[in-house]
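Work through the exercises below with the sequence and the model side by side, trying each task before reading its solution.

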Amino acid sequence: MCERDPRKRPKKSVALVAAAMGGLLACGSALAQSNVTIYGIIDVGIDISDNGHGSQFRAQSGQSAGTRLGFKGEEALGNGLKAIWVLEQGLAIDNAANTVHGTNSTSLPGVNTNSGANLGSFFQRQAYGGLSSNFGTITIGRQYTPFFHIKRNADAFNMGLSPTINNIYAIIIPGGVDRFDNAIFYNSPNLSGLTFGAVYSAGNENNTDDFLDKAGRAWSLMAQYNNGGLWVGGAYNNMRGQDPLKQQFTLATDVAKTDAWMLGASYDFTVAKIYGSYGQGKTKLSGGDYGELTKRRVWSIAGSLPLGRHTLKASYAHMDDRKVDNADFTVYGLGYEYAFSKRTALYAAYGRGENESGRYGLPLTAVTNGLTNTSPGKDVYSFNLGVRHTF
């Protein structure tokens, strides 16, 4: 019986190892072309508030940032072209509810949707797919509006906690919505600090008869410039929806037209950062000569002061009602944040709203908190305390 020369065995082993490594490298190269990221935010805390009907204490979810679970991915297709997608679901940690909003809340028309998205649906925060290249990005689905992006960058509280300027822009300014359904969104590449975008929402869910076929349709534009510590931006939203005052008008063709615009700016001095905004929104009917139903103007100023792991914040925003006398509303407040790490932070904030004869409240933190003001002329307040973790 002939025995194999042991000196020849390493050659075969080396060949097998080389083949295996080659396969792994090829596999790794293929995997490098496509990747999926799982991400999320867990935000829990307490709220002590009075929105016109007595003081109350509640456990809350999503005050500083909306609690969520998200998936995003991209695949390189060659020549700078990529396929991209995002699926993001909102959660309420305090009661494990599947919701885009917060605790004990209902859908507020115009706050987080332009067509009354079903709160029982999945991935209500964002759900879209599209293509990205050197010429820009096109995505289709449920997406943040240009108005949202400008509001967030002009807000020291980053669209969270009771002092957020969104308690004026989203609730009081007609057309200042945060998300569009059925949206086709184009975002330009960065042109030496300048970017711009345009979106059209088809409003398909409302196409049920002759006069509602336009309800939910919307279009919006934005432009931003970011260079060094300076950021400036502007946005415009135009929407159509079923007449919110339908009980007062009998024409079957009454469809409300709302439009809003805003300008925002911030400057980071490193030792401190300042923010400002100015905007306007109005509503009118297309089915008759009723003129403007609402017209309101808003301005805000804010600042943040980082001190190591500590950050102090302050904000002041005012709404001037141009159609109703003595109906102005002011929101202001203070905030504090302590960073335990890059991912986990403790936060606290106090927000106050002052009414003249109106009944505005503070129904928003980072999500809809279910609080509305039912007492005309009543001042309101809300104190938030909690912890936020990102992953």
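**Exercise 1. Find the residues that form a nonpolar patch on the surface, and state which strands supply at least two of them.**

Solution. Begin with the rule, by which a patch is made of residues with over 30% relative accessible area and no salt bridge, like charges being joined within 9 Å and nonpolar side chains (Val, Leu, Ile, Met, Phe, Trp, Tyr) within 5 Å. Accessible areas come from the Shrake-Rupley method with a 1.4 Å probe, and for residues only the protein chains shown count as cover. The model is a predicted one, in which local features need pLDDT of at least 70 and side-chain atom pairs count only at pLDDT 80 or more, while totals for chains, interfaces and linings use all residues. Residues are numbered from 1 along each chain as its sequence is written, and side-chain values use heavy atoms, with hydrogens and water left out.

Next, apply the rule: the patch consists of Ile48, Phe57, Phe340, Leu346, Tyr350, Phe383, Leu385 and Val387, which together have about 650 Å² of accessible area. Then look at the strands (E, DSSP runs of at least two residues, as helices, H or I, are runs of at least four, all numbered from the N terminus). Strand E17 (344-355) and strand E18 (380-390) each give at least two residues to the patch, and E18 gives the most, with three.

Finally, check one member, Leu346, which lies in strand E17. With buried meaning under 20% relative accessible area, exposed over 50% and partly exposed in between (1.4 Å probe, protein chains only), Leu346 counts as partly exposed because its relative accessibility is 32%.

**Exercise 2. Determine how strand E17 pairs with E16 and with E18.**

Solution. Two strands pair if DSSP finds at least two bridges between them. First take E16 and E17, which run antiparallel and are joined by eleven bridges; a hairpin of four residues connects the two, and Ala339 stands opposite Ala345 in E17. Then turn to E17 and E18, which pair over ten bridges, again in the antiparallel sense, with Gly353 opposite Val380 in E18.

**Exercise 3. Decide, for the salt bridge between Glu88 and Arg125, whether each partner is buried or exposed.**

Solution. A salt bridge is a side-chain nitrogen of Lys or Arg within 4 Å of a carboxyl oxygen of Asp or Glu, and by this rule the count comes to nine. In the pair of Glu88 and Arg125, the closest N and O atoms are 2.9 Å apart. The pair links distant parts of the chain, for Glu88 is in strand E4 (residues 81-92) and Arg125 in the loop between strand E5 (97-98) and strand E6 (126-133), 37 residues apart. Glu88 counts as buried because its relative accessibility is 2%, and Arg125 counts as buried because its value is 4%.

Two further pairs can be treated in the same steps. Arg142 and Asp181 meet in a salt bridge at 2.5 Å, N to O, linking strand E7 (residues 136-144) with strand E8 (residues 179-187) across 39 residues, and both partners are buried. Arg388 forms a salt bridge with Glu337, with closest N and O atoms 3.0 Å apart; Arg388 lies in strand E18 and Glu337 in strand E16 (residues 329-339), so the pair ties together parts that are 51 residues apart in sequence. Arg388 and Glu337 are both buried. Lastly, salt bridges that share partners join Arg68, Glu88 and Arg125 into one network.

**Exercise 4. Name the residues that touch the most other members of the largest nonpolar core.**

Solution. A nonpolar core is a set of buried Ala, Val, Leu, Ile, Met, Phe, Trp, Tyr and Cys residues joined through side-chain atoms within 4.5 Å. The largest core has 28 residues, of which Ile168, Tyr169, Phe180, Met319 and Phe329 touch the most other members. Among the elements that each supply at least two residues of this core are helix H2 (146-153), helix H3 (166-172) and strand E12 (255-268). Apart from this core lies another, of seven residues, including Phe157, Tyr275, Tyr347 and Ala349.

**Exercise 5. Locate Thr270 and decide whether this residue is buried or exposed.**

Solution. Thr270 is in the loop between E12 and strand E13 (273-285), and counts as exposed because its relative accessibility is 66%. Its phi is near 75°, a positive value in a residue other than glycine.
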